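Here is a short set of exercises to work through with the model open beside you. Try each task before reading its solution.

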Amino acid sequence: MERKSFDLGDIVEMKKSHPCGTNAWKVIRMGMDIRMKCTGCGHSVLLPRSRFEKRMKRVLKAASKNEETENGA
Ligand SMILES: [Zn+2]
């Protein structure tokens, strides 16, 4: 099985979009559980990593390089 790669701060697309109509989630916490935040309405969801990997479709935008990093708190 292919291992999906994603990283903190990435914007990812899931198999199902959020009820608000947006399908772009920002990964805001990595660990055994992944916390992601809907970029449309700001709702955040915590998912076990295995479930997150199943639901994730692809990385829309990798967190990187010259983007300013938000430190959450
Ligand atoms: Zn939403």
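**Exercise 1. Pairings of the first strand**

In which sense do strand β1 and strand β2 pair, and over how many bridges? Then work out how β1 is joined to β5.

Solution. This is a predicted model, so please read each step as a statement about a prediction.
- Step 1: Start with β1, residues 11–14, and β2, residues 25–29; their pairing is antiparallel and has 2 bridges.
- Step 2: For a concrete pair, take Ile11, whose bridge partner in β2 is Lys26.
- Step 3: Now turn to β5, residues 56–61, which runs antiparallel to β1 and is joined to it by 4 bridges.
- Step 4: Here Val12 is found opposite Val59 of β5.

**Exercise 2. The whole sheet**

Find the order of the strands in the sheet, and say which strands stand at the edges.

Solution.
- Step 1: List the elements: the protein has 1 helix and 5 strands, and along the sequence they follow the pattern β-β-β-β-α-β.
- Step 2: Add the pairing of β2 with β3 (residues 33–38), which is antiparallel over 4 bridges. Within that pair, Trp25 lies opposite Cys38 of β3.
- Step 3: Put the strands in spatial order: β4-β3-β2-β1-β5, an open sheet of 5 strands with antiparallel pairing.
- Step 4: Look at the ends of that order. β4 (44–48) and β5 each have a single partner strand, so one side of each has no neighbour in the sheet.
- Step 5: Finish with the twist, which averages 40° from one strand to the next.

**Exercise 3. The nonpolar core**

Which residues make up the largest nonpolar core, and which element gives the largest share of this core?

Solution.
- Step 1: Begin with burial overall: of the 73 residues in the protein, 14% are buried.
- Step 2: Recall a general tendency: nonpolar side chains in soluble globular proteins tend to be buried together.
- Step 3: Collect the members: the largest nonpolar core has 8 residues, namely Val12, Trp25, Val27, Ile34, Met36, Cys38, Phe52 and Met56.
- Step 4: Assign them to elements. β2 and β3 are the elements that give two or more residues to this core, and β3 supplies the largest share, 3 residues.
- Step 5: Follow one member, Val12. Beyond four places in sequence, Val12 touches Phe6, Trp25, Val27, Met56, Arg58, Val59 and Leu60.

**Exercise 4. Two lysines**

Is Lys16 buried or exposed? Ask also which residues Lys61 is in contact with, leaving aside neighbours within four places in sequence.

Solution.
- Step 1: Locate Lys16 in the loop between β1 and β2.
- Step 2: Count its surroundings. Lys16 is exposed because it has 8 C-beta neighbours inside 10 Å, and the cut-off for exposed is 12 or fewer.
- Step 3: Compare sequence with space: Lys16 and Arg55 are 39 residues apart along the chain, while their C-alpha atoms are separated by 7.6 Å.
- Step 4: Move to Lys61, which is in strand β5. With 14 other C-beta atoms within 10 Å, Lys61 is partly exposed.
- Step 5: List its contacts: Asp10 and Ile11, once neighbours within four places are left aside. For Lys61 and Ile11, 50 residues apart in sequence, the C-alpha to C-alpha distance is 5.0 Å.
- Step 6: Widen the view to the protein. Of the contacts between residues at least 6 apart in sequence, 36% join residues at least 24 apart.

Methods
Residues numbered from 1 in each chain as written. Predicted model: local features only at pLDDT ≥ 70, side-chain atom pairs only at ≥ 80, totals over all residues. Pairing = 2+ DSSP bridges. Buried ≥ 20, exposed ≤ 12 C-beta atoms within 10 Å, placed from the backbone. Axes fitted to C-alpha atoms, helices over the stretch in contact; angles between N-to-C directions. Contact = placed C-beta atoms within 7 Å. Core = buried A, V, L, I, M, F, W, Y, C linked by C-beta atoms within 7 Å.
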